[in-house]
Amino acid sequence: MVTKQLRDLPENADLRRADSLAREIFSDVANKWALLIIEALGERTLRFSEVRDEVEGVSHKMLTQNLRMLERNGLVDRKVHPTVPPRVEYTLTEPGRALRATVDAICGWTHRYLGHIEAARGRFDE
């Protein structure tokens, strides 16, 4: 694990520690909805309903919770326009765009090994 190379970092940066800030952040962003929201936003600014349309299957509650979490962690900017009804837009911040590169890599890995994993599941489930 990469954290073994980081011996000089403070304890709150150690992913191995259950009580570290790094573990909390990792736990927040390493869930399917957060990753899919980050991928959906990409380089665009989207309204709540547009994000929901891009991330098929996400409930209103889960989308709200994950957008708030991403905003809290500084990965998403939320802009409220003073209109009636209010128009709210979401966009990735610089750290969010940096994380998107990792999300893109995970998406690429999924596409590359989809057939392999599907075959392995077929053998396992026989």
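User: Contact means heavy atoms within 4.5 Å. With that in mind, which residues does Glu 89 touch, not counting residues up to four places away in sequence?

Analyst: Happy to start there. This is a predicted model, and in it Glu 89 sits in strand β3, residues 87–92. Beyond its sequence neighbours, Glu 89 touches Thr 45, Leu 46 and Arg 47, and also Asp 77, Arg 78, Lys 79 and His 81. Strand β2 spans 76–81.

User: Why is Glu 89 called buried?

Analyst: Buried means under 20% relative accessible area. The value for Glu 89 is 17%, so this residue counts as buried.

User: How far apart are the C-alpha atoms of Glu 89 and Glu 118?

Analyst: They are separated by 37 Å, with the two positions 29 residues apart along the chain.

User: What makes Arg 72 exposed rather than buried?

Analyst: Exposed calls for over 50%. Arg 72 has 64% relative accessibility, so the word exposed applies. Arg 72 belongs to helix α4, residues 60–72. Leaving aside neighbours within four places in sequence, Arg 72 is in contact with Glu 24 and Asp 28.

User: Is Asn 66, in the same helix α4, buried or exposed, and how do you know?

Analyst: Asn 66 lies in helix α4, and its relative accessible area is 5%. The cut-off for buried is under 20%, so Asn 66 is buried. Outside its sequence neighbourhood, Asn 66 touches Asn 31, Trp 33, Ala 34 and Ile 37.

User: And why does Leu 63 count as buried?

Analyst: Its relative accessibility is 0%. Set against the limit of under 20%, that value makes Leu 63 buried. Leu 63 is another residue of helix α4, and its contacts more than four places away in sequence are Ile 37, Phe 48, Val 51, Arg 52 and Val 58. Ile 37 also appears among the contacts of Asn 66. The C-alpha atoms of Leu 63 and Leu 21 are 23 Å apart, at a distance of 42 residues along the chain.

User: What makes the peptide bond from Val 84 to Pro 85 cis?

Analyst: Its omega is near -5 degrees, and the bond is listed as cis. Pro 85 is placed in the loop between β2 and β3. As background, most peptide bonds are trans.

User: Let's zoom out. Which order do the elements of the protein follow from the N terminus on?

Analyst: The order is α-α-β-α-α-β-β-α, which comes to 5 helices and 3 strands.

User: Why is the protein described as more spread out than a compact globule?

Analyst: For 126 residues the globule rule gives 14 Å, and the radius of gyration is 17 Å, well over that, so the protein is more spread out than a compact globule. Along its principal axes the C-alpha trace spans about 55 × 45 × 25 Å. Buried residues make up 28% of the 126. The exposed area is about 9000 Å², with carbon and sulfur atoms supplying 53% of it.

User: How many positive and negative side chains does the protein have?

Analyst: There are 20 positive and 20 negative ones, and the centres of the two sets lie 2 Å apart.

User: Where does the domain annotation sit, and what does its span consist of?

Analyst: The unreviewed UniProt entry gives "domain: HTH hxlR-type" for residues 18–118. In the model, that span is 63% helix and 15% strand, and its end C-alpha atoms lie 33 Å apart.

Terms used: Residues are numbered from 1 along each chain as its sequence is written. This is a predicted model: local features need pLDDT of at least 70, side-chain atom pairs count only at pLDDT 80 or more; totals for chains, interfaces and linings use all residues. Side-chain values use heavy atoms; hydrogens and water are left out. Helices (H or I, at least four residues) and strands (E, at least two) are DSSP runs, numbered from the N terminus. The radius of gyration is taken over C-alpha atoms; the globule rule is 2.2 Å times the number of residues to the power 0.38. Buried means under 20% relative accessible area, exposed over 50%, partly exposed in between (1.4 Å probe, protein chains only). Accessible areas come from the Shrake-Rupley method with a 1.4 Å probe; for residues, only the protein chains shown count as cover. Lys and Arg count as positive and Asp and Glu as negative; His and the chain ends are not counted. The place of a charge is taken as NZ of Lys, CZ of Arg, CG of Asp or CD of Glu. UniProt positions are given in the numbering used here, feature names are shortened, and annotations may be inferred rather than shown by experiment.
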